[in-house]
Amino acid sequence: MTLAVHYTGPRTLGTAPAQTSAPGPGEVELAPAYVGICGTDLHIFHGDMDARVSSPAVLGHEMSGRVLRVGPGVNGPMPGDAVTVMPLRWDGTCPACRAGHRHVCGHLDFMGIDSPGAMQQRWTVPADTLIPLPASLPLDRAALVEPTAVAVHDVGRAEVRTGEKVVVVGGGPVGVLIALVAQAAGADIRLVELSAHRRRCAQELGLVTLDPAAVDVSEAVRQWTGDAGADVAFEVSGAAGGVTTAVDVLGVRGRLCLVAIHPRPREIDLHRFFWRELTLVGARLYDRSDFERAVTLVADGTVPVERLISKVVPLIEAADAFAALEGGGDVMKILVDCGDDTPGGTA
């Protein structure tokens, strides 16, 4: 018997037996090891995405695990191989796909949202979604490759260059990862975050932080940049005040990269965009090259993701983990251990 965590309604998760079957042509059956809980999962947990998510739903798209079985026609991964999954399936025919932007397909299937995800002990996925992992990379760290790929994509969209001054507004896991990836690209970073715990985590990773409740962020950036303003700002907070801050800190021809999901329209100072010739770019998800770059950054320790893991809980305690994240506090990233405790389990 294998288990899966099912979302059945707002703030309702249950662990129940799940059916398994042999992988079909082009498919691979995985034994998920660790699954991270992200902000999107929390939105689903709150019921905010019920129009999109079919209940009962298996959540989870930040994962690592091992191959159990391969279906007919699969020649790549072998049983026992460590992998993560790029959880995107596209139609290949829409205008975005034809233009080479498959990750923003007009009919995108985001696994763990639109179709079953990884928070289960057996997961069957298309073989072409697999990203190989080095044998030396611990699987708990590998579960953070997906959010690191988000950061790699964001930094690429913003075209961050060596020596640039970069402000990251929002110091949750993705904000910290963006700051670390941008720093690895040679940028000088300031991270803006209200939470003392998150600021402390970022500082322990060598990042310089600003508390917007204690300092005038725009003035601090002005002094830091010699009155020039930042070259790039990332809005990762999802708050109206974060948008204002991200725009205010930018210098002439600065670039604002919008990362956070804003569920409602926000006011924005368009005059400032005109006056300083600013640029706004959106950043959504990732492509395969972003994932492969993220594997390298995590595996070689450039991005020390293990420092972001606050807690690891067993699969049967997943609901408690969601509640802990919902309450905020001293938590960054919680992983769900999907390990198979039955005899012969391999996860």
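The secondary structure of this protein comes to eleven helices and 18 strands, and the model you are looking at is a predicted one. For its 347 residues the globule rule gives a radius of gyration of 20 Å; the value here is 20 Å, so the protein is as compact as a globular protein of that length. If you turn the C-alpha trace along its principal axes, you will find that it spans about 65 × 45 × 40 Å.

How much of the chain is buried? Of the 347 residues, 52% count as buried. The protein exposes about 15,100 Å², and carbon and sulfur atoms supply 51% of that area. Contacts across the sequence are worth a look too: among those between residues at least 6 apart, 69% join residues at least 24 apart.

**The parallel sheet**

Now for a sheet you can trace by eye. Six strands make up an open sheet with parallel pairing, and their order is 13-12-11-14-15-16. Its edges are strand 13 (209-210) and strand 16 (279-282), each of which pairs on one side only. Helix 5 (residues 173-184) packs on this sheet, where it touches strand 11 (165-169), strand 12 (188-192) and strand 14. The direction of helix 5 makes about 170 degrees with that of strand 12.

Within the sheet, strand 14 (residues 230-235) and strand 15 (residues 250-258) run parallel and are joined by five bridges. A handy spot to find on screen is Ala230, which stands opposite Leu250 in strand 15.

**Aromatic pairs**

How many aromatic pairs are there? The count comes to three. Two of them are set out here:

| Pair | Geometry | Centre to centre | Angle between planes |
|---|---|---|---|
| Phe45 and Phe322 | tilted | 5.2 Å | 50 degrees |
| Tyr286 and Phe291 | edge-to-face | 4.9 Å | 90 degrees |

The pair of Phe45 and Phe322 links distant parts of the chain: Phe45 sits in helix 1 (residues 39-45) and Phe322 in helix 11 (residues 318-326), 277 residues apart. Are these two rings' residues buried or exposed? Phe45 counts as buried because its relative accessibility is 5%, which is under the 20% cut-off. Phe322 is buried as well, with a relative accessible area of 0%.

As for the edge-to-face pair, Tyr286 and Phe291 are both buried.

Technical notes:
Residues are numbered from 1 along each chain as its sequence is written. This is a predicted model: local features need pLDDT of at least 70, side-chain atom pairs count only at pLDDT 80 or more; totals for chains, interfaces and linings use all residues. Side-chain values use heavy atoms; hydrogens and water are left out. Two strands pair if DSSP finds at least two bridges between them. Helices (H or I, at least four residues) and strands (E, at least two) are DSSP runs, numbered from the N terminus. Contact means heavy atoms within 4.5 Å. Axes are lines fitted to C-alpha atoms, for helices over the stretch in contact, and angles run from 0 to 180 degrees between N-to-C directions. Rings of Phe, Tyr and Trp (its six-membered ring) pair if their centres lie within 6.5 Å; planes under 30 degrees apart count as stacked, over 60 as edge-to-face and the rest as tilted. Buried means under 20% relative accessible area, exposed over 50%, partly exposed in between (1.4 Å probe, protein chains only). The radius of gyration is taken over C-alpha atoms; the globule rule is 2.2 Å times the number of residues to the power 0.38. Accessible areas come from the Shrake-Rupley method with a 1.4 Å probe; for residues, only the protein chains shown count as cover.
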